[in-house]
Amino acid sequence: MALSWRSWLANEGSKHLFLFFWLSLNVWLFGKTFLLYNQGLQYYYLHQMLGLGLCISRASASVLNLNCCLVLLPMCRVLLAFLRGSQKVASKKTRRLLDKSKTFHVTCGVTICIFSVLHVAAHLVNALNFSENYNEEFVTLNAANYRGEDPRKLLFATVPGLTGVIMVLVLFLMCTASTYAIRVSNYDIFWYTHNLFFVFYMLLMLHVSGGVLKYQTNLEEHPPGCFNPNKTLRQNLTVPKSFEELFPDYTTEPFPEDPPVPEPFVQNSFMRVCSEEPKFQSHFPETWFWISGPLCLYCVERLYRYIRSNKPVTITSVISHPSNVLEVRMVKDDFEARPGQYVILHCPRVSALESHPFTLTMCPTDTKATFGVHLKVVGDWTERFRDLLLLHSNQDTEILPIFQQRRYPKLYVDGPFGSPFEESLNYEVSLCVAGGIGVTPFASVLNTLLDGWKCYKLRRLYFIWVCRDIESFCWFADLLCMLHNKLWQENRPDYINIQLYLSQTDGIQKIIGEKYQALNSRLLIGRPRWKLLFDDIAKCNRRKTIGVFCCGPNKISKILHKLSNSSNSYGTRFEYNKESFS
């Protein structure tokens, strides 16, 4: 399968180039800071005491500052949704980069973990060197109180050391709970541990305020390695015994013939004379400059989201669909959303702290204020939520009128937030592939087209839906039939190409109901032959750019991603997009 470099650049190239740039930026920052502390005159005496441990600890700290600063920005969902929906970002390629916000967040997180290990290792060496290389001449420069002090005291009995140890434990919990296995098996663990980030940032504020590492402030008066005549005379001048009583501080040791002079600090073949002792001062915590802005931005956004979602929604109906899928329809004042967006649901009676994202399957319009979500009951949260919504087991399939809604629990909606599927209406041709419940992002798109399709750029939609059981198609069978009939009445039957695939079956099946005859004619047994499907679409849409949108299992996603990067003989280019809650 030949690789199309143009398609690769559109689908993956920008991401890979950005990740390469980000890696290069971190390496450059690490190297620049390393050289500063290795060669800077103001760190000469500290470097003599700590060696490379100083350079590595400070260089890794600079990288950590940068990543701790930017790791929060991808989590500013309101900001990303605003940029996507406004005219500030007119370029489609730039908007597609916003869809990589989760990838950027993970990249920053992994970078923080790697350089934290390096930072901790360097400071362990520094603690040992502070103890072994205690210098009585520079008391203020020492972190230890005396030579041979137990280095563990520096780690557990000081503010920088103790906060650093706790931060390592918090970071370890957050990283291990973020692995795919834990997120899939127990999402609650991931959610609760990830919210420890606030504790991490508070500890980080305290960690950098200790001022353990100091720099020299009087380089003009005391160049490193300079000759101090007052100190040298007192130490090395030989005086008569008759003056020893008058000058008891003088010693009779001989003057050294070759005083040690550091090579980098000898200028013009003579040694400079210093006029005073070196003075040392702690750095102002630079970390505060790095993280205060993004942290305040994130906190302001969280406050805005809390105020916006503080009023509960009115649940108008609850429908239990086959295959453990629940549909919830709601109304909320001044709620606006675009097709493809998602919201975050929070039900205090289910969990006081926990909330989960769900894609909108129905968006409010000018004529109706109702919006809704479909959720699959697969975990503890969704099970408890279903039990609270369904009043009686015999009412599972009923749509209850509003005056009977008194027993519904309070439900809060945060959002909406942007997703890649907002772009599906901005292509002339789009290919939408759904696996099982992954059809939800496309349901809002289909509902929007049902209200009117002429105002959008989209002129042809390929809709592929793969399910394991025949009952799953009933979730949106009515919607598909209504859209199909509407387009036929408007003499545009070619606007949408519907293909339904039943991947697991014992024999020929069909969707029960006379009104679903149009869907039964498009129901196929087995799995799609993706290569032939892409070739057929490319042939019918020569020299066009087709948006590929996928929400489903990773196996299907990888196949579509690979095919989107492949070349074809028709000059058709495929741009791949995948659902990813940030």
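The legends below describe close-up views of a predicted model. Residues carry numbers that start from 1 along each chain as its sequence is written, and side-chain values rest on heavy atoms, with hydrogens and water left out. Because the model is predicted, local features need pLDDT of at least 70 and side-chain atom pairs count only at pLDDT 80 or more, whereas totals for chains, interfaces and linings use all residues.

**View 1. A nonpolar surface patch formed by Leu-79, Phe-82 and Leu-297.** Together these side chains offer about 250 Å² of accessible area, a value from the Shrake-Rupley method with a 1.4 Å probe, in which only the protein chains shown count as cover for residues. Patches are made of residues with over 30% relative accessible area and no salt bridge, like charges being joined within 9 Å and nonpolar side chains (Val, Leu, Ile, Met, Phe, Trp, Tyr) within 5 Å. Leu-79 belongs to helix α4, residues 77-85; helices (H or I, at least four residues) and strands (E, at least two) are DSSP runs numbered from the N terminus. Leu-79 counts as partly exposed because its relative accessibility is 33%, given that buried means under 20% relative accessible area, exposed over 50%, and partly exposed in between (1.4 Å probe, protein chains only).

**View 2. The loop between β4 and β5, with Asp-334 and the salt bridge of Asp-333.** Asp-334 lies in this loop, between β4 (325-331) and β5 (342-346), and its phi is near 60°, a positive value in a residue other than glycine. With 80% relative accessibility, Asp-334 counts as exposed. Asp-333 forms a salt bridge with Lys-311, the closest N and O atoms being 3.0 Å apart; the term requires a side-chain nitrogen of Lys or Arg within 4 Å of a carboxyl oxygen of Asp or Glu. Since Asp-333 lies in the loop between β4 and β5 and Lys-311 in the loop between α13 (286-308) and β3 (314-321), the pair ties together parts that are 22 residues apart in sequence. Both Asp-333 and Lys-311 are exposed.

**View 3. The salt bridge between Arg-338 and Glu-422.** The closest N and O atoms of Arg-338 and Glu-422 are 2.6 Å apart. Arg-338 sits in the loop between β4 and β5, while Glu-422 sits in the loop between β8 and β9 (429-435), so this pair links parts that are 84 residues apart in sequence. Arg-338 is partly exposed, with a relative accessible area of 32%, whereas Glu-422 is buried, with a relative accessible area of 10%.

**View 4. A salt bridge within helix α18, between Lys-531 and Asp-535.** Lys-531 and Asp-535 both lie in this helix (residues 530-540), four residues apart, which is about one turn of the helix, and their closest N and O atoms are 2.8 Å apart. Lys-531 counts as partly exposed at 39% relative accessibility, and Asp-535 likewise counts as partly exposed at 28%.

**View 5. Backbone features at Pro-416 and Asn-491.** The peptide bond from Gly-415 to Pro-416 is cis, with omega near 10°, and Pro-416 lies in strand β8, residues 412-417. Asn-491 is found in the loop between α16 (477-489) and β11 (496-502), where its phi is near 60°, a positive value in a residue other than glycine. At 63% relative accessibility, Asn-491 counts as exposed.
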